[in-house]
Amino acid sequence: MTRNKLRLAIIGAGPAGIYAADILLKSERHFDVSIDLFDHLPAPYGLVRYGVAPDHPRIKGIITALREVLDRGDIRIFGNVRFGEDLTLDDLKRHYNAVIFATGAVRDASLNIPGIDLEGSYGAADFVSWYDGHPDYPREWPLEAQSVAVIGNGNVALDVSRILAKHPEDLLPTEIPANVYEGLQRSPVTDVHVFGRRGPTSVKFTPLELRELGELRDVDMIVHDEDFDYDDAARAAVAGNKQVLVIDKVLQQWRQREVGSASRRLHLHFFAKPVEVVGDEHGQVAAFRWERTAPDGEGGVVGTGEIREIPVQALYRAVGYYGSPLPGIPFDKRLGVIPNHEGQVLIRDKESGKSRQMYGVYCTGWIKRGPVGLIGHTKSDAMETIKHVINDLGNWWRPESPSEESVVELLESRGIRWTDLDGWHRLDEHEQALGAAEERARIKVVPRDEMVSISRGEV
Ligand SMILES: Cc1cc2nc3c(=O)[nH]c(=O)nc-3n(C[C@H](O)[C@H](O)[C@H](O)COP(=O)(O)OP(=O)(O)OC[C@H]3O[C@@H](n4cnc5c(N)ncnc54)[C@H](O)[C@@H]3O)c2cc1C
């Protein structure tokens, strides 16, 4: 091992992992760098490919910037390799000086109310994975409900509601997989109800995404006058925050609109605290019950004791994402993140109970700071982590086998069918060709085996 070269493994080829690699390569430093980027998916870009909604092509376009980084050719990528199964922490210590975990968050946070596990009650993350064609999710999605409840007042709740309410023909120009289009075409949905426990001035929606709902073809936006009786705290929020001001403006416009002619409706209910998902005799979602809340005068809300109920046949909870623990790596169960100080992973000493740095191990992105923030935030996040990777040079691991070939030999010896940058180009071109045949930009390949075979040039 020599200290004039850093062999770095990054686990996770989402925006956080790619930005971290890019920032390190461009940084001022006194040593060479060789980076291997691993992802358990056969294609890179994480939630930009498998989270951002297909009808948001401008955001999906961030992939172009990420692709430019990979296409430079100074980062090796190994797709279809899962940390914890195909590759362990001991393996990494044998071949690298350090590792950055950029594994994001893909699961739904839980919502502990009675009935949440009933048939017909879903996590938004699972639905998003279905409509974005994630290879590890079922290809069929039960869309049999006429009335649907969506719990949450963030952008994911808006994505889910929009995809449910939008007429599927309007999604055709996007990259939605064929099975998703067919599934949505069969949906009998007429009403989507979105619930948030606080008032209109406390939502986490961003104005652009909210406004977009009002532009959906043949979908009426329904808001309720009773939710707009603002108290001083709400009025102060509108006056003091530009984002809240714009959101309020959008909602006020909807209050004035004529409704009743559209075949589908999207209802926004504020001051609604989830109480129960009510089931029928078959254990199927039949209604959603909530408690009306009221402003507490300080920007928060309190329960009023008034219980309301609405019949729905399906319910989606969009109450946040949650990270997954990684074998051998500390995990904060409460927050769903890897415990860290500015990206340096912390481990608790069993004897003293104190936290100390776990040398050679770093994290960045959603697994570092939790599932909040836009793609751009992962860049500043990566800068912070990379600063420590560079400064910690004296504490890097001393691998016994640091050569670039040794990792390839390891994966080969384990029979792992990994995909590389050329493979991603092959899959990318294949998907674009599928799209071109139907005058669409792209049609995603969904089954993992097919993705891998195409990438490896086997078909
Ligand atoms: C539904 C949804 C919509 C969104 N829409 C927008 C939007 O419109 N605009 C915006 O700016 N932001 C949006 N975001 C936020 C954005 O997606 C995140 O900020 C960003 O993707 C976080 O990046 P990340 O790299 O930390 O995680 P991710 O993008 O999740 O990437 C993590 C990567 O790690 C890989 N991985 C995980 N575990 C392992 C393992 N054990 N071994 C190997 N690889 C592993 C995963 O396969 C994945 O590729 C959205 C998020 C969601 C959930």
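**Note on the domains and the ligand shell**

1. The domain assignment splits the protein into domain 1 (5-106 + 324-418) and domain 2 (107-321); the bounds come from an automatic or database domain assignment. Residues are numbered from 1 along each chain as its sequence is written. The model is predicted: local features need pLDDT of at least 70, side-chain atom pairs count only at pLDDT 80 or more, and totals for chains, interfaces and linings use all residues.

2. Taken over C-alpha atoms, the centres of domain 1 and domain 2 are 34 Å apart. Their contact takes 11 residues from domain 1 and 16 residues from domain 2 (two residues are in contact if their C-beta atoms, placed from the backbone, lie within 7 Å). On the side of domain 1 that touches domain 2, eight residues are nonpolar, two polar and one charged. Here Ala, Val, Leu, Ile, Met, Phe, Trp, Tyr, Cys and Pro count as nonpolar, Asp, Glu, Lys and Arg as charged, and the others, Gly among them, as polar.

3. The ligand is surrounded by 36 residues, the closest being Gly 12, Gly 14, Gly 46, Gly 104 and Gly 365 (a residue is near a molecule if its C-beta atom, placed from the backbone, lies within 6 Å of it). Helix H1 (15-26), helix H2 (46-50) and helix H7 (155-165) are the elements that give two or more residues to this shell; helices are DSSP runs (H or I, at least four residues), numbered from the N terminus.

4. By class, the shell around the ligand holds 20 nonpolar, 13 polar and three charged residues. Domain 1 and domain 2 each supply at least three residues to the shell.
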